[in-house]
Amino acid sequence: MMSDTNTVAVEEIEDILDAERDALISGDLDSIDSFAARKADLLAEISEQHTALAPEIYKRLSEKALHNQNLLFGAARGIAAVRQRLLDIQNVHCGAGSYDRKGQRPPNHRPKSLEKRA
């Protein structure tokens, strides 16, 4: 059986995971760091009580955490794609567009210097 302290901690972790999910979906990536420290504190609090979580609670928390992890990975992939697209645009603007025999851009192609026009 879970202690009252663990029940409160589990409910708070679930609330944090839900808020984290909402932040990821809405693109509020600045708030993500603030959730990590509180989750770690709550998990440590539960661990200190030396009482096991019921399997259904563990499963529910794990599923929410995994869902958030997938959202975070998706956000990271999206940011990387935008970054690459901005580099491609910059390269085209600077006349640094080169392609291999198959018509593909070489990986990590960046101009050696940028010309600044007045």
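Start your tour by selecting E45, which sits in helix α2 (helices are DSSP runs of H or I with at least four residues, numbered from the N terminus). You are looking at a predicted model, in which local features need pLDDT of at least 70 and side-chain atom pairs count only at pLDDT 80 or more, while totals for chains, interfaces and linings use all residues. Residues are numbered from 1 along each chain as its sequence is written, and side-chain values use heavy atoms, with hydrogens and water left out.

Is E45 buried or exposed? E45 is partly exposed, at 27% relative accessible area (buried is under 20%, exposed over 50%, partly exposed in between, with a 1.4 Å probe and protein chains only). Add V10 to the selection: its C-alpha is 10.0 Å from that of E45, although 35 residues separate the two in sequence.

V10 leads to the next stop, the largest nonpolar core (buried Ala, Val, Leu, Ile, Met, Phe, Trp, Tyr and Cys residues joined through side-chain atoms within 4.5 Å). This core has 13 residues, and V10, I13, I32, F35, L42, I46 and L61 have the most contacts inside it. Helices α1 (4-26), α2 (32-48) and α3 (55-93) each give two or more residues to the core, with α1 providing the largest share, 7 residues.

Now pick I13. Setting aside residues up to four places away in sequence, I13 touches L42, L43, I46 and L61 (contact means heavy atoms within 4.5 Å).

Finish at E20, in helix α1. E20 is buried, with a relative accessible area of 8%. Beyond its neighbours within four places in sequence, E20 contacts I32, F35, K39 and N68.
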